[in-house]
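Please walk through this structure with me, element by element, and explain how its parts are held against one another.

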Amino acid sequence: MTGGNEKATAWGLTVLRVVTGVVFLAHGWQKLFVYGLDGVEQAMAGMGIPLPGVSAVLVTAAEFLGGAALLAGFLTRLAAIPLAITMAVAMLAVHLPGGFFAPNGVEFTLTLLAAAVALGLTGPGALAVDNVLAARVR
């Protein structure tokens with residue numbers, strides 16, 4: 001890639017990371033402060049998710065903390081792993097029977113899964129805490 005393309009790619013990844021982080025953070029916030037862990041646990045039990053109490057904590061933490069990490073660009077590749085796993089499980093266990101299109105299909109979870117995988121493979125892009133930390137190590 002040439003310098004201009006590298007900059008465009010870095011800023012494109014930044015847009016993807018920030019928007020994906022906001023979406024995950026908002027969903028984690030909703031689970032934590034609107035539904036509460038008990039409400040999330042009950043919903044997961046109703047969907048047939050194994051170990052709904054443990055799953056509720058893990059999913060809420062992944063979305064809230066992982067979303068915040070993506071938003072800041074902090075440990076981006078690491079934060080993307082539980083987010084991708086969460087979306088893969090949600091897609092296969094809950095949304096697949098609903099077909100492709102929202103509101104019940106895989107459309108939204110597939111998009112978030114793809115975004116998490118892309119960020120896990122590529123890193124944070126420009127304007128990220130990861131870049132500051134990498135510069136200090138050099």
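In this predicted model, four aromatic pairs are found. One of them joins W29 and F64, whose ring centres lie 6.2 Å apart with the planes at 35°, so this pair is classed as tilted; the angle falls between the limits of 30 degrees for stacked and 60 for edge-to-face. Because W29 belongs to helix α1 (residues 3-46) and F64 to helix α2 (residues 52-72), the pair ties together parts that are 35 residues apart in sequence. Neither ring is buried: W29 is partly exposed, with a relative accessible area of 47%, and F64 is also partly exposed, at 21%, where the limit for a buried residue is under 20%.

F64 has a further ring partner in F33, and here the centres are again 6.2 Å apart while the planes stand at 75°, so the pair is edge-to-face. This contact, too, links distant parts of the chain, with F33 in helix α1 and F64 in helix α2, 31 residues apart. Taken together, the ring pairs link W29, F33 and F64 into a cluster.

The helices α1 and α2 are also joined by charge. The count of salt bridges comes to one, and it is formed by the side chains of E63 and K31, with a nitrogen-to-oxygen distance of 2.9 Å. E63 sits in helix α2 and K31 in helix α1, so far as sequence is concerned 32 residues apart, and both E63 and K31 are buried.

Helix α2 itself can now be looked at as a whole. Its 21 residues reach 29 Å from the first C-alpha to the last, which is close to the 30 Å expected at 1.5 Å a residue. The buried residues of α2 are S55, A56, V59, T60, A62, E63, G66, G67, A69 and L70, a list that includes the salt-bridge residue E63 along with several small or nonpolar ones. Just after the helix, G73 takes a positive phi of about 70°.Within α2, S55 is buried, with a relative accessible area of 16%. Leaving aside residues up to four places away in sequence, S55 touches M44, I49 and P50. S55 and E41 are 14 residues apart in sequence, and their C-alpha atoms are 7.4 Å apart in space.

What is the size of the largest nonpolar core, and which residues have the most contacts inside it? This core has 14 residues, and those with the most contacts inside it are F24, L70, L83, M87 and L113. Helices α2, α3 (76-95) and α4 each supply at least two of its residues, with the largest share, five residues, coming from α3. L70 touches R17, T20, G21, F24, T76, A79, L83 and L119, not counting residues up to four places away in sequence. Apart from this core lies another, of five residues, among them M44, I49, A56 and V59. As a general background, nonpolar side chains in soluble globular proteins tend to be buried together.

Helix α4 (residues 107-122) has 16 residues and reaches 22 Å from its first C-alpha to its last, close to the 22 Å expected at 1.5 Å a residue. In α4, the buried residues include T109, L112, L113, A115, A116 and L119. Seen down the axis of α4, its buried residues fall within an arc of 165°, so they line one face of the helix. Residues three or four places apart in an α-helix point the same way, because there are 3.6 residues a turn. Just after α4, G123 takes a positive phi of about 100°.

Key: Residues numbered from 1 in each chain as written. Predicted model: local features only at pLDDT ≥ 70, side-chain atom pairs only at ≥ 80, totals over all residues. Heavy atoms only, no water. Helix = DSSP H or I, 4+ residues; strand = E, 2+ residues; numbered from the N terminus. Expected span 1.5 Å × (residues − 1). Buried < 20%, exposed > 50% of the residue type's maximum accessible area, 1.4 Å probe, protein only. Arc of directions from axis to C-beta. Phe/Tyr/Trp six-rings, centres within 6.5 Å; stacked < 30°, edge-to-face > 60°. Salt bridge = Lys/Arg side-chain N within 4 Å of Asp/Glu carboxyl O. Contact = heavy atoms within 4.5 Å. Core = buried A, V, L, I, M, F, W, Y, C linked by side-chain atoms within 4.5 Å.
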